[in-house]
Amino acid sequence: FLKPEKVAAEVEWHSAASLEEIQTSIETNKKPVIIDFYADWCAACKELDKFTYTEKEVAELSKSFTTIKLDFTKSDDKKEAIKEKYNVKGLPVVVFMTADGKELKEIRLTGFEEPEDFIKRMQKTLK
């Protein structure tokens, strides 16, 4: 008896290399925003990619957002400016913002989170 395969789903991320690119993306899309700060050396970042962002409901709901993934595997001055602006001390950090670019600080995520709880954060952002 064969089980149906899990439908492959994934959050479609956009990259940004500077504060200007992030701001342009927010202003152009006029949707709530999720910014994922990650690095290749970050174990919890990889868990978010593997388990949370591939969950079907997370991927579906993410279409209502501007989704930006920032790679901090190697740092430079522009990336440091981004970390400073968003007060990022360690990784991973996932920032949720309203459509006008205001961060909802009370639902900022630092660390791995199961899809069910991540969906709750997404829903709070959409209210």
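This dialogue explains how several features of the structure above are read.

Colleague: On what basis should the model be read?

Modeller: The model is predicted, so local features need pLDDT of at least 70 and side-chain atom pairs count only at pLDDT 80 or more, whereas totals for chains, interfaces and linings use all residues. Residues are numbered from 1 along each chain as its sequence is written, and side-chain values use heavy atoms, with hydrogens and water left out.

Colleague: In what order do the strands of the sheet stand?

Modeller: Strands of a sheet pair through backbone hydrogen bonds, either parallel or antiparallel. Helices (H or I, at least four residues) and strands (E, at least two) are DSSP runs, numbered from the N terminus. Two strands pair if DSSP finds at least two bridges between them. Here 4 strands form an open sheet with mixed pairing, in the order E1-E3-E2-E4. Strand E1 (14-15) and E4 are the edge strands, each pairing on one side only.

Colleague: How many bridges join E2 to E4, and in which sense do the two run?

Modeller: E2 and E4 run antiparallel and are joined by 5 bridges. With strand E3 (residues 66-71), E2 pairs in the parallel sense over 6 bridges. Ile-35 illustrates both pairings: Ile-68 stands opposite it in E3, and Val-95 is its bridge partner in E4.

Colleague: Are the residues of E2 buried or exposed?

Modeller: Buried means under 20% relative accessible area, exposed over 50%, and partly exposed in between (1.4 Å probe, protein chains only). E2 is mostly covered, since 6 of its 6 residues are buried. Val-33, Ile-35 and Phe-37 point one way from E2, while Ile-34, Asp-36 and Tyr-38 point the other way.

Colleague: Asp-36 is a charged residue in that list. What surrounds Asp-36?

Modeller: Asp-36 lies in strand E2 (residues 33-38) and stands opposite Val-94 in E4. Its relative accessible area is 2%, so Asp-36 counts as buried. Contact means heavy atoms within 4.5 Å. Not counting residues up to four places away in sequence, Asp-36 touches Trp-13, Asp-49, Tyr-53, Ile-68, Lys-69, Leu-70, Val-93 and Val-94. A polar contact is a pair of N or O atoms within 3.5 Å; within protein, one must be able to donate a hydrogen and the other to accept it, and residues adjacent in sequence count only if both atoms are side-chain atoms. One such contact, of 2.6 Å, joins the side chains of Asp-36 and Lys-69.

Colleague: Over which rings does the charged end of Lys-69 sit?

Modeller: A charge sits over a ring if NZ of Lys or CZ of Arg is within 6 Å of the ring centre and within 35 degrees of the ring normal. The charged end of Lys-69 sits over the ring of Trp-13, 4.9 Å from its centre, and over the ring of Tyr-38, 4.5 Å from its centre.

Colleague: How many aromatic pairs are there, and by what rule?

Modeller: Rings of Phe, Tyr and Trp (its six-membered ring) pair if their centres lie within 6.5 Å; planes under 30 degrees apart count as stacked, over 60 as edge-to-face and the rest as tilted. The count comes to 6 aromatic pairs by this rule. In one of them, Phe-96 and Phe-118 are tilted, 5.5 Å centre to centre with 55° between the planes. Phe-96 lies in strand E4 (residues 93-97) and Phe-118 in helix H5 (residues 115-126), so this pair ties together parts that are 22 residues apart in sequence. Both Phe-96 and Phe-118 are buried. Ring pairs link Trp-13, Tyr-53, Phe-96 and Phe-118 into a cluster.

Colleague: Which cysteines form a disulfide?

Modeller: A disulfide is a pair of cysteine sulfur atoms within 2.5 Å. The whole structure holds 1 disulfide, formed by Cys-42 and Cys-45 with their sulfur atoms 2.2 Å apart. The link of Cys-42 and Cys-45 is right-handed, with 85° about the S-S bond. Cys-42 is buried at 5% relative accessible area, as is Cys-45 at 2%.

Colleague: Which backbone features deserve a check?

Modeller: A cis peptide bond joins Leu-91 and Pro-92, with omega about -5°; Pro-92 lies in the loop between helix H4 (77-85) and E4. Asn-87, in the loop between H4 and E4, has a positive phi of about 55° although it is not a glycine. Lys-30 also has a positive phi, of about 50°, without being a glycine. Lys-30 lies in the loop between helix H1 (19-29) and E2 and, at 63% relative accessibility, counts as exposed.
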